[in-house]
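Hi everyone, thanks for making time. I'd like to walk you through a structure that will be new to most of you, so let's put it on the screen.

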Amino acid sequence: MYIFCFAKPREEELPVKRSERCPISIVLLALFCLTSAASEAAPLRLIIDTDPGVDDAMAILLALNSPELKVEALTVVAGNVEAAQGLENALKIVSLAGRCDVVVAAGAQHPLNQKLITAQFWHGKNGLAGVELPASRCKADARFAPDLIIEMAHKYPRELTLIPVGPLTNIALAVSKDPSIASLVRNIVIMGGSISGGNVNGAAEANIYNDPEAAQIVFNAGWMVTVIGSDVGERTLMTRKYLAELQTNHGPQSDFVAKLADFYLTRSEKSGYSGAAMYDPLAVGAVIDPTLVTLKDMHVDVETKGEFTRGETVANRMGSNENNVLHGDHYEIEGVIALKPNARVCLASDADRFLNLFVSRIRGK
């Protein structure tokens, strides 16, 4: 919206009606509109913290092909594959996309308090469905990933969105070293957790299960964590229909993603699923277009000690706990204790609209 105000001759030279002047309110409105338009046009700065990973690769390429986003860095964490393999994969992915401008940095080599659990069963021996990409033309940054996250949070205060799509080790290390980043980061959108059962076992989702202590630190760091859980990812499925659409366009990126999707779909179908869960890409999609997901504020804790529930994200849907007060030899409920939300939990996605967006961006449409 453009509003032009032209200079008038001085009143003593040519009297004019007051209504013909350009009111200050119109000038301010014009400035506001121009500022708003510029703000809306500016892409969001991102760091994707990743353990690539088939769906990680899909998420990264979705982000790199979305004009709403500016990927500043990929920080690599051990998870789906060992850290060295993850770093190699990340470098090959940005090279495939022709984006050596994106910083790629190695991070944590293992979880905080337990041994690493890798997932080649789901992702293939090299983490990328066995697809061998050309050697990367891009080079790794020398900085340690948590330090890079801290540095960029201070460099771009309240501009940076974190999208962790692997175990939360790097994020926990960063916010533990510098708690101030919790107020500097614009948004943090994780792919992790579930409020209706896990995908590793009955309780826990894989990313949280791989480092529950790190997840507990992240959820209690003082920011609002947007949670795209495995339960919603499993209702947002890449099917043969969408794979066929991907395969109609040929190019280095679309061909690569089609191979990943075919492998991922085949593995998922053999395990009894009707499609491949778009876990990590949905987290990126929720940043591109927040209307793709339905969110609810809740308080979420992470179970770190349970025999059957270690790694479970325990979401309080009610927003309070009962207040049990000791009376003699028993407790009585005396009202409730309100809990402050620390998470925006995804309850649902517009799956078809998201998958159409994903396919369109990967095809370059």
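Let me start with a small puzzle: which residue in E6 is the bridge partner of Val-189? It's Thr-226. I'll build outwards from that pair in a moment.

Some housekeeping before that. This is a predicted model, so local features need pLDDT of at least 70 and side-chain atom pairs count only at pLDDT 80 or more, while totals for chains, interfaces and linings use all residues. Residues are numbered from 1 along each chain as its sequence is written, and side-chain values use heavy atoms, with hydrogens and water left out.

Now the overall picture. The protein has 365 residues, and 48% of them are buried. Buried here means under 20% relative accessible area, exposed means over 50%, and partly exposed is in between, using a 1.4 Å probe and protein chains only. The secondary structure comes to 14 helices and 13 strands. Those are DSSP runs numbered from the N terminus: helices are H or I with at least four residues, strands are E with at least two. As for contacts, meaning heavy atoms within 4.5 Å, take those between residues at least 6 apart in sequence: 80% of them join residues at least 24 apart.

Back to the sheet. It's an open one with 9 strands, in the order E3-E2-E1-E4-E5-E6-E13-E9-E10, and the pairing is mixed. Two strands pair if DSSP finds at least two bridges between them. Strand E3, 103-106, and strand E10, 313-316, stand at the edges with a single partner strand each, so each has one side without a neighbour in the sheet. From one strand to the next, the twist averages 30°. For angles like that, axes are lines fitted to C-alpha atoms, for helices over the stretch in contact, and the angle runs from 0 to 180 degrees between N-to-C directions.

Our opening pair belongs to E5, residues 187-191, and E6, residues 225-228, which pair in the parallel sense over 4 bridges. Ile-190 stands opposite Val-227 in E6 as well. On to E4: 2 bridges join E4 to E5, and these strands also run parallel. There, Thr-161 stands opposite Asn-187 in E5. And E5 is largely enclosed by the rest of the structure, because 4 of its 5 residues are buried.

What about helices around all this? In helix H5, residues 145-155, the buried residues include Leu-148, Ile-149, Ile-150 and Met-152. The buried residues of H5 pack against E1, E2, E3, strand E4 (160-164), helix H6 (169-177) and helix H7 (181-184).

Next, one residue I'd like you to click on: Leu-282, in helix H13. Is Leu-282 buried or exposed? Buried, with a relative accessible area of 0%. Leaving aside neighbours within four places in sequence, Leu-282 is in contact with Ile-228, Val-232, Thr-236, Val-293, Ser-349 and Phe-354. Take Val-232: it is 50 residues from Leu-282 in sequence, and the two are 9.0 Å apart in space, C-alpha to C-alpha.

A few backbone oddities, too. The peptide bond from Pro-52 to Gly-53 is cis, with omega near -10°, and Gly-53 is found in the loop between E1 and H2. Then we have Ala-129, in the loop between H4 and H5, with phi near 60°, a positive value in a residue other than glycine. Ala-129 counts as buried, at 15% relative accessibility. Arg-158 has phi near 60° as well. Arg-158 is in the loop between H5 and E4 and is exposed, with a relative accessible area of 54%.

I'll finish with the residues lining the largest pocket. On a 1 Å grid over the protein atoms alone, a pocket is an open set of points with protein on both sides within 12 Å along at least five of seven lines, and lining residues have an atom within 4 Å of a point. H8 gives the most to the lining of the largest pocket, with 3 residues. The lining divides into 15 nonpolar, 9 polar and 6 charged residues. Nonpolar covers Ala, Val, Leu, Ile, Met, Phe, Trp, Tyr, Cys and Pro; charged is Asp, Glu, Lys and Arg; the others, Gly among them, are polar.

That's my tour, thanks for listening.
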